[in-house]
Amino acid sequence: MSSSVQIPDQLPWNPNNTQFPSIKNLPKLPGAPEDAAWVWGKDDELGRLNLLTPQRVKASTAEIETGQMVRLDLPLTVPEKPAFDREVFQHNIKTLAADISYDDTYTMNTQSGTQWDGFRHFSHIDSKLFYNGAKSTDFLGPTANHRCSIHHWSTHGIAGRGILLDYYHYAQTNKKAYDPYTTHSITLSELQACAKAQGLDLRPQFQGGDIRIGDILLIRSGFVERYYQLSSEERYAAATRSHEALCFAGVAREPDMRDWLHDCYFAAVAGDSPTFEAWPVPNHDYLHQTSAVLFTALAQANTQRHNLTILKNAPEKAYHVPADFFSFGFETAFFHQFDTELSENIINSISSRMSKPLIIRIGGTSGDLVRVNQTQEEPARCISGPDCPYSSEDAFTIGRSYFDTFKRFQSATMTIQAPMSPVKPDSKDEDWIPNSMDFVQQAYDALGKERLNAVALGNEPDYYSYGVEQYVDRALKIENHTIEQLGLEGEDRRIFELGDIGWTVIKQRDEDGEDFGLRKIFQNELNANGYGKYAAQHYYQTDEGGKYDSQALQDRLMNHHAITERFPKMRRGIEYIHKADSKIGFVISELGCALGGPPISFAGAFGAALWAVDFHLTAMARGVKRVSNTMRPEATHSFWVPNDMGSMTSGPSVQGVFPAAAFITDFVGNGDSLGKVIEIDVPGTPQFFSAFAMYHLQSGKLARVALVNLKQWDHTSRDDRGSAEVILNVDGDIGSLHARRLHAEKGTSAVGFDLGGHDDNVTWAGEQWSHTVDGGKGHFVDGNMVQEKVNVEKGHATVSVLDSEAIIVYFDQSVSLLDLFQ
């Protein structure tokens, strides 16, 4: 396109020109408001869309690299309650002929959700004129016509080069966080700083900048992300505020912003805020009406895009992941109930994926309450408690046959908990130490030296009435008696698991310190003997009760931020312990997604599986050495139920959460595929998407990448299942990659085949586990592993991760860069 300058007074303007007048040099138009840019002809109905000439549209295609399409609209049902008292979207199905033919009918306000503000939407308030002199009588009444109707835009079409300014991400990463539901004004200088961070110069091209005539400006202010964070009740309350109280973030109403928007000659502007400009507007001086060329859209992709980068070689901050990172745990009083063929097969299925024995933790609240009774015939007998014989807080006596269960699971080693009975602080040693040592000795005799991984010194001492000093005293007594009784010498004495602190310490800890955390007990000489092998903490994601619906699943479990916000509180203890004794590994010895009796559809289904994947990968990327997933038959978060004791099951069953175990152990790898891991920074909406890279331990080369899409979806969702599109840039010499999926066709509510049949199948790489079908051994539904080839063309590879799905991408050779573009 040859260079040509538009003369201001030479009307109508030629859209093919390459330079146009600034707002200060606009011609004065008779009968038009000041600064009106009605310059494209007296009958024009396109405004700045005239700038989308065939030449410019064609030129914009030269910048296409991947050809991926991005959806810029929200589902018709979002927002579920529109602001400004606009009507709620309604969808009905009309029967034309029963079982044969149906129609859909929609009732909607086109301004309620995603929309373009047409030229009929907002007038110049003082003159009551719309674009190009149109009046309200052109829209309503006996003289109504099609002047300035938005259908003219449709006839012309809107296609061009987009300029995305992700201001919300810029603000978050530069300590300028704000709530998009408040009147946060985004100034021009802030947009310029945001653009600079993205490598853009916001000056027009003829001034040496990156903005071309006819570009379409997109500003992300964070409204949509914040919308999905809120509960349904919070969204409704925010939308039904009075007109005067409605607040939204948006561009600032300032002369510099108005002039810049004009002088760049954008064809259109759009944003994810309902108002585009910061709301409310002082003195009703709306940006909508002072420049009639401005029109906005509320836009957000249903398909996610993520802009990430990882190097081909492991960075220094990568953490070594032990081969025995993944672990199961059984509540002490219920351990014997897992003495079943189903449990044996399941544990063998997971341990066979590992190059070191799977570690099983036997412990929990009941582990401090058990009393050994050598004359008792049955394995365990509940003698008291709040819910005998189902609760972990019930007290049991255990007989000699109980310890036969330790002979099971020969592919695994075990951590056993020495009972530290919750007696009064002034109790004598003989009141509890003999029972504790009796338990340890019999478990040790059944296991043998090689299968004893560790001895835990009690459980959740913060739960009881005695303080830190009393706990340390008791723990050291157990330690000394165990060493003497088992005849341990040298390095064999470094066998103790210290702390096992309850999760409420993490939940409630403030910034100044903790009253019963790991750091506190280590400061009180818990490891005075130097025999500590692990320092242990417990973790549950939620115990809040209340609703257990899809929104709670999204807010409380399938939310990466809900996990990561707690790790800094644990980090202080981890760092302190590492400095005190670098040989001690930090482990999460008791993990569950939820307490408080949630239904299986919340705690034991596929949504919980995705939470488990996200949690384990997050933990390993922060230096945690092992995570043990605790179980008892009555707990709905259990990976499987071994018998008919389940509170919501009728018999043995593998639950929908279980395949997460196979995903996690496969990501850890075994043998030569073991490695070091990092979490990949995800700009934009990290609470619903996470990514992790595993590097070969020896070569340091990229081995595999895990992508976890936490956007909640199940078969009852009103919207179609969305996805995250991931574009990988790899070395040209790699012919292909391959990917495996953790998937449930039904979505997050899938509870597994045993509980729901085929519709509730949950598979990892096509493999399913079922008591009914394979006895827990696992089988490939279609006979073979399912993995898909990811072709690499010109250095690009594309992977799609469905909402509520996780995948591992395997790299057969080294790669130089992995980029995920938005």
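Select Lys579 to begin: with 73% relative accessibility, Lys579 counts as exposed, because anything over 50% falls in that class. Lys579 sits in helix 17, which covers residues 567-580. Keep in mind as you click around that this is a predicted model.

Now add Asp166 to the selection. How far apart in space are Lys579 and Asp166, C-alpha to C-alpha? The answer is 40 Å, and in sequence the two are 413 residues apart.

**Stop two: a loop between two helices**

Go to Asn559, in the loop between helix 15 (550-557) and helix 16 (560-564). Is Asn559 buried or exposed? Asn559 counts as buried, since its relative accessibility is 9% and the cut-off for buried is under 20%. Show the side chain of Asn559 and look for the backbone nitrogen of His561: that nitrogen lies 3.1 Å from a polar atom of the Asn559 side chain.

**Stop three: the disulfide**

Next, pick out the cysteines. How many disulfides does the structure hold? There is one, and it joins Cys382 to Cys388, with 1.7 Å from S to S. A disulfide is a covalent bond between the sulfur atoms of two cysteines. If you check the torsion about the S-S bond, you should find -75°, which makes the link of Cys382 and Cys388 left-handed.

Switch on a surface while you are here. Cys382 is partly exposed, at a relative accessible area of 22%, and Cys388 is also partly exposed, at 33%. For contrast, jump to Cys148, which counts as buried at 2% relative accessibility.

**Stop four: a three-stranded sheet**

Stay with Cys382 for a moment, then widen the view to strands 13, 14 and 15. These three strands form an open sheet in the order 13-15-14, with mixed pairing. Strand 13 (371-372) and strand 14 (380-384) stand at the edges; each has a single partner strand, so one side of each has no neighbour in the sheet.

Zoom in on strand 13 and strand 15 (residues 395-398), which pair in the parallel sense over two bridges. To see one of the matched positions, select Val372 and look across to Ile398 in strand 15.

**Stop five: a pocket**

Now for some empty space. Rolling a probe the size of a water molecule over the atoms shows where empty space is left. Head for the second largest pocket, with a volume of about 600 Å³. Which residues lie nearest its centre? Select Ser392, Glu393, Tyr540, Leu595 and Arg632; they belong to a lining of 26 residues. Helix 13 (503-508), strand 20 (585-594) and strand 21 (626-631) are the elements that give two or more residues to this lining. Colour the lining of the second largest pocket by residue type and you get eight nonpolar, 11 polar and seven charged residues.

**Stop six: two helices and what follows them**

Select helix 20, residues 659-668. This helix is mostly covered, with 10 of its 10 residues buried. Among the buried residues of helix 20 are Pro659, Phe663, Asp666 and Val668. Step past the end and you reach Gly669, which follows helix 20 and has a positive phi, near 85°.

Then move to helix 7 (residues 255-263), whose buried residues are Met257, Asp259, Trp260, Leu261 and His262. Helix 7 is followed by Tyr265, and here too phi is positive, near 55°.

**Last stop: strand 28 and its partners**

Finish at strand 28, residues 736-743. How many of its eight residues are buried? Eight of the eight are, so colouring by accessibility should show a strand that is mostly covered. Turn the side chains on: Ser736, His738, Arg740 and Leu742 point one way, while Leu737, Ala739, Arg741 and His743 point the other way, and all are buried.

Now bring in the partners of strand 28, one at a time:

- Strand 32 (residues 788-791) pairs with strand 28 in the antiparallel sense over four bridges; look for Ala739 opposite Glu788.
- Strand 34 (residues 805-810) runs antiparallel to strand 28 and is joined to it by five bridges; here Arg740 has Ile808 as its bridge partner.
- Strand 29 (residues 763-764) is also antiparallel to strand 28, with two bridges between them; His743 stands opposite Thr763.

Conventions: Residues numbered from 1 in each chain as written. Predicted model: local features only at pLDDT ≥ 70, side-chain atom pairs only at ≥ 80, totals over all residues. Heavy atoms only, no water. 1 Å grid on protein atoms, 1.4 Å probe; cavity = no way out; pocket = protein on both sides within 12 Å on 5 of 7 lines; lining within 4 Å. Points joined across faces, edges and corners; volume = space filled by probe spheres on them. Nonpolar A, V, L, I, M, F, W, Y, C, P; charged D, E, K, R; others polar. Pairing = 2+ DSSP bridges. Disulfide = S-S within 2.5 Å. Buried < 20%, exposed > 50% of the residue type's maximum accessible area, 1.4 Å probe, protein only. Polar contact = N/O pair within 3.5 Å; in protein donor to acceptor, adjacent residues only side chain to side chain.
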